[in-house]
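Colleague: I have not looked at this one before. Can you take me through it?

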Amino acid sequence: MTQPTPGAPVPWPTPAGASTPRPGGASTGGVIVAVVLLLVALMEILVTFVLTMFLAMSAGGCGSLPCNDDLVSIGGLVALWGPSVVIVPAIVWSIVLLVRRRKAWIAAVVAVVGGAGAWALGAFLVVMGTR
């Protein structure tokens, strides 16, 4: 066994069960981008709820014109709940990735884009139902 050099710091032993951080994990910039995008995704849920109320008004002219009420109803439900169904699991996935020190900004981008896409699909169905 070698003797430590006098005055040199003694390395701390690694606790049992502890793992060393993996190289190539989440960087500080990646964590900041993920957190900001997750906050944007949460705000997107609120904005899409408000926009869905205005989207429901687009079917107001269906009283005098023939409309596909079922398609309007399905589109309204997709526009109302679709963003939440996409964003909430993506937020959970992103938090899991952040805890595991992985790149979580990808999940946050999926949350923002997927939520907007779900609302757009619902809006498209409502518009097609009113024609």
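Modeller: Start with one pair of helices: α1 and α3 are roughly parallel to each other. This is a predicted model.

Colleague: What angle do α1 and α3 pack at, and how far apart are their axes?

Modeller: The angle is about 15°, and the axes are 7 Å apart. Angles under 35 degrees count as roughly parallel, so that is the label for α1 and α3.

Colleague: Which residues make that contact?

Modeller: On the α1 side they include G30, A34, L38, A41, E44, T48, T52 and L55. On the α3 side they include W105, A108, A111, G115, W119, G122, A123 and V126.

Colleague: How does the contact of α1 with α3 split by class?

Modeller: It has 17 nonpolar residues, five polar and one charged.

Colleague: And the handedness of the crossing of α1 with α3, left or right?

Modeller: α1 passes α3 in a left-handed crossing.

Colleague: Let me step back. How many helices and strands are there in the protein?

Modeller: Three helices and zero strands. Read from the N terminus, the order is α-α-α. The protein has 131 residues, and buried ones make up 26% of them.

Colleague: Among contacts between residues at least 6 apart in sequence, what share joins residues at least 24 apart?

Modeller: That share is 88%. One pair separated in sequence is G29 and W105: they are 76 residues apart along the chain, while their C-alpha atoms are 9.5 Å apart in space.

Colleague: Where does G29 lie?

Modeller: In helix α1, which covers residues 28-57. G29 is partly exposed, at a relative accessible area of 40%.

Colleague: What about α1 and α2, how do their axes cross?

Modeller: At roughly 170°, and the axes come within 9 Å. That makes α1 roughly antiparallel to α2.

Colleague: Which residues meet there?

Modeller: From α1, they include V31, L42, I45, F49 and T52. From α2, they include G76, W81, P83, I87, I91 and L98. The class split for α1 with α2 is 16 nonpolar, five polar and one charged.

Colleague: And the remaining pair, α2 with α3: what is the packing angle?

Modeller: About 175°, with the axes 7 Å apart. α2 and α3 are therefore roughly antiparallel to each other. Their contact divides into 22 nonpolar residues, eight polar and no charged.

Colleague: Back to α1. What span should its 30 residues have, and what does the model give?

Modeller: At 1.5 Å a residue α1 should span 44 Å, and its end C-alpha atoms are 44 Å apart, which agrees.

Colleague: What about the length of α3?

Modeller: α3 covers residues 105-129, 25 in number. From its first C-alpha to its last it reaches 36 Å, close to the 36 Å expected.

Colleague: Which residues of α1 are buried?

Modeller: G30, A34, L38, A41, E44, I45, T48, T52 and L55. They pack against α2 and α3.

Colleague: Why would several of those be three or four places apart?

Modeller: An α-helix has 3.6 residues a turn, so residues three or four places apart point the same way.

Colleague: And in α3, which ones are buried?

Modeller: Among them are A107, A111, G115, A118, W119, G122 and L125. What covers the buried residues of α3 includes α1 and α2.

Colleague: Pick one buried residue in α1. What does T48 touch?

Modeller: Not counting residues up to four places away in sequence, T48 touches P83 and W119. T48 has a relative accessible area of 6%; buried means under 20%, so T48 is buried.

Colleague: What about S94 in α2, buried or exposed?

Modeller: S94 counts as buried, at 0% relative accessibility. Leaving aside neighbours within four places in sequence, S94 is in contact with L38, A104, A107 and A108.

Colleague: Last topic, the loop between α2 and α3. What is the phi of R101 there?

Modeller: R101 has a positive phi of about 60°, although R101 is not a glycine. R101 sits in the loop between α2 and α3, and at 57% relative accessibility R101 counts as exposed.

How values were computed
Residues are numbered from 1 along each chain as its sequence is written. This is a predicted model: local features need pLDDT of at least 70, side-chain atom pairs count only at pLDDT 80 or more; totals for chains, interfaces and linings use all residues. Side-chain values use heavy atoms; hydrogens and water are left out. Helices (H or I, at least four residues) and strands (E, at least two) are DSSP runs, numbered from the N terminus. Buried means under 20% relative accessible area, exposed over 50%, partly exposed in between (1.4 Å probe, protein chains only). The expected span of a helix is 1.5 Å times one less than its number of residues. Contact means heavy atoms within 4.5 Å. Axes are lines fitted to C-alpha atoms, for helices over the stretch in contact, and angles run from 0 to 180 degrees between N-to-C directions. Angles under 35 degrees count as roughly parallel, over 145 as roughly antiparallel, 65 to 115 as roughly perpendicular and the rest as oblique. Ala, Val, Leu, Ile, Met, Phe, Trp, Tyr, Cys and Pro count as nonpolar, Asp, Glu, Lys and Arg as charged, and the others, Gly among them, as polar. A crossing is left-handed if the near helix is turned anticlockwise from the far one by less than a right angle, and right-handed if clockwise.
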